[in-house]
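Here's a quick briefing to read alongside the model. Have the viewer open and click through as you go.

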Amino acid sequence: MKMADHSLLIHNGTIVDGRGAQPVRDGVVLVEAGKLAYVGPAADAPHVPESVERIDARGGTIMPGLVEAHFHATYFNIAALEDLDIKYPVEYVSLLASVNSKLAIECGYTAARSGGCLFNVDFWLKKAIEEDLIVGPRLSASGREICSAGGLMDWNPEFRKIGMEGLVFIINGQDDARKAVRALVKDGVEWVKTYPTGDAASPDINDHHTLCMTFEEMNAVVSTAHNHGLKVTGHCRATEGIKNALRAGYDCIEHGTFMDDEALDLLLQRDVPCVPALYFEKASVELGPEFGLSQRVIDGHQETLDGGIESARRILRAGGRLGMGGDYGFGWNPHGDYARELTFFVKDVGLTPLEVLTCATKTGAEIMGRSDEFGTLEKGKLADVLVVDGDIIADISLLEDRTKFIAVMQGGIIKAGQLAKSFPTVVKRER
Ligand SMILES: [Zn+2]
């Protein structure tokens with residue numbers, strides 16, 4: 001991804017640095033060669049010549065670009081989970097993923113960790129973004145997901161002869177698990193997404209169902225993935241499934257819904273981050289009837305919501321790490337609504353705005369393994385900066401409104417927001 005070759009001064013804003021430090025009023029951020037050269041009070045800022053381009057933050061907020069920690073670029077705002085395996089071919093899914101990536105940038109998300117994708121779209125999407133062919137978040141790619149036969153993502157009865165090859169590897173046993181991971185290694189992904197437990201959204205496997213994958217299968221996934229330098233995460237709601245995943249050596253826990261004391265201890269022992277993705281549950285409860293979800297499924301989502309809120313609070317209070325990612329890409333939880341997760345965590349979970357912003361920036365970058373490059377506003381890091389017309393500490397829901405963004409920047413280049421210029425299409429030659 002290209003970096004700015006000229007200097008840039010962002011002034012007249014309150015700095016929220018992503019580390020949880022108290023906001024700095026009348027702050028200044030100086031960008032040189034795409035990186036942060038100064039972050040701090042205007043009074044202490046180095047002298048900058050008049051010729052340097054200036055961005056007036058209008059008394060608003062200057063903060064790190066947001067990190068979506070559970071991003072599904074290829075989930076196309078589906079009306080039902082089943083749409084994923086039958087509705088569109090890979091050609092159209094790829095185009096939609098490109099549109100979703102542009103939208104993520106417009107929404108202030110300059111980086112994203114994938115929570116699973118159709119076919120191997122993420123890997124190629126990441127390449128197109130890094131080569132500046134399209135705009136999108138800096139991406140940690142996942143691939144096709146891994147689920148045991150009969151588990152959460154294996155819903156087609158045998159007579160339909162649908163293999164689901166674009167969506168998941170359906171495995172039986174440890175050999176299949178290793179084979180699936182090795183295919184993902186060849187695909188070039190960074191994360192292996194698995195389905196250890198059930199979910200309220202599934203018609204026949206509820207979210208207390210643990211054995212969607214056996215411990216032995218999970219162990220085989222982790223050892224093979226780690227052997228190749230890949231990281232493993234999983235959809236973990238049921239208590240025993242969370243513990244199995246942590247004991248098997250998972251690098252991240254998605255949802256972590258029903259944590260007991262032992263599960264929390266296991267999580268904290270290795271400081272494994274958790275991405276609750278809770279607004280999805282609230283949206284499922286509120287809009288489920290419109291999308292034909294049954295009352296049983298909606299009740300399941302309510303239980304998941306209550307359990308997930310309790311677990312998220314306990315994790316953060318015990319010193320654990322939470323990433324902010326919302327599982328967007330469903331009809332009731334569409335792409336573009338990403339920052340609703342942040343508002344939800346302030347209003348419904350009870351975290352402070354500063355806590356939530358740290359989760360949504362610094363912790364997200366840590367989950368991606370790139371916290372030395374971005375995620376906070378610190379000298380030497382990439383100038384991935386969001387400039388918002390408004391005080392987001394007073395009202396975090398301002399982040400839901402992309403018309404409020406003055407600039408969304410990656411490496412000092414303005415990619416979206418009011419100051420964005422349109423970019424000419426790059427003609428790419430094959431080599
Ligand atoms: Zn997901």
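Let's start with a single residue: leaving aside neighbours within four places in sequence, N244 is in contact with P196, F215 and M218. Keep in mind that this is a predicted model. From N244 we'll go to the whole chain, then to the domains, the core and two helices.

**N244 and its surroundings**
- N244 sits in helix α6, which covers residues 239-248.
- Is N244 buried or exposed? It has 26 C-beta neighbours inside 10 Å, so it counts as buried, given that the cut-off for burial is 20 or more.
- If you want a sense of distance, try A57: its C-alpha atom and that of N244 are separated by 48 Å, with the two residues 187 apart along the chain.

**The chain as a whole**
- The protein chain has 11 helices and 17 strands.
- Put a box along the principal axes and the C-alpha atoms fill roughly 70 × 50 × 45 Å.
- The radius of gyration is 21 Å, which agrees with the value near 22 Å that a compact globule of 431 residues would have.
- Buried residues make up 54% of the 431 in the protein chain.
- Take the contacts between residues at least 6 apart in sequence: 68% of them join residues at least 24 apart.

**Two domains and where they touch**
- The domain assignment gives domain 1 as 8-65 + 375-416, and domain 2 as 66-367.
- Their centres, taken over C-alpha atoms, are 30 Å apart.
- How many residues does the contact take from each domain? Domain 1 puts in 23 residues and domain 2 puts in 26.
- On the domain 1 side, β5 (61-64), β16 (405-410) and β17 (413-416) each supply at least two residues.
- β16 gives the largest share of that side, with 3 residues.
- By residue type, the domain 1 side divides into 11 nonpolar, 7 polar and 5 charged.

**The nonpolar core**
- The largest nonpolar core has 131 residues, and those touching the most other members are I10, V29, I146, V221 and V387.
- Helix α11 (residues 353-367) contributes the largest share of this core, 6 residues.
- Both domains are represented: the core draws at least three residues from each of domain 1 and domain 2.
- Zooming in on I10, and skipping neighbours within four places in sequence, you'll find it in contact with V28, V29, I55, A57, I62, V385 and V387.

**Helix α3**
- In α3 (residues 121-130), the buried residues are V121, D122, L125, K126 and I129.
- Look down the axis of α3 and these buried residues fall within an arc of 130 degrees, so they line one face of the helix.
- They pack against α2 (90-106), β7 (109-114) and β8 (138-140).
- Just after α3 comes D132, with a positive phi near 60 degrees.

**Helix α10**
- Which residues of α10 (residues 340-347) are buried? They are E341, L342, F344 and F345.
- Viewed down the axis of α10, the buried residues fall within an arc of 160 degrees, so they line one face of the helix.
- The cover over these buried residues includes α8 (279-287) and α11.
- You've met α11 already, as the helix with the largest share of the core.

Conventions
Residues numbered from 1 in each chain as written. Predicted model: local features only at pLDDT ≥ 70, side-chain atom pairs only at ≥ 80, totals over all residues. Helix = DSSP H or I, 4+ residues; strand = E, 2+ residues; numbered from the N terminus. Rg over C-alpha atoms; globule rule 2.2 N^0.38 Å. Buried ≥ 20, exposed ≤ 12 C-beta atoms within 10 Å, placed from the backbone. Contact = placed C-beta atoms within 7 Å. Arc of directions from axis to C-beta. Domains from an automatic or database assignment. Nonpolar A, V, L, I, M, F, W, Y, C, P; charged D, E, K, R; others polar. Core = buried A, V, L, I, M, F, W, Y, C linked by C-beta atoms within 7 Å.
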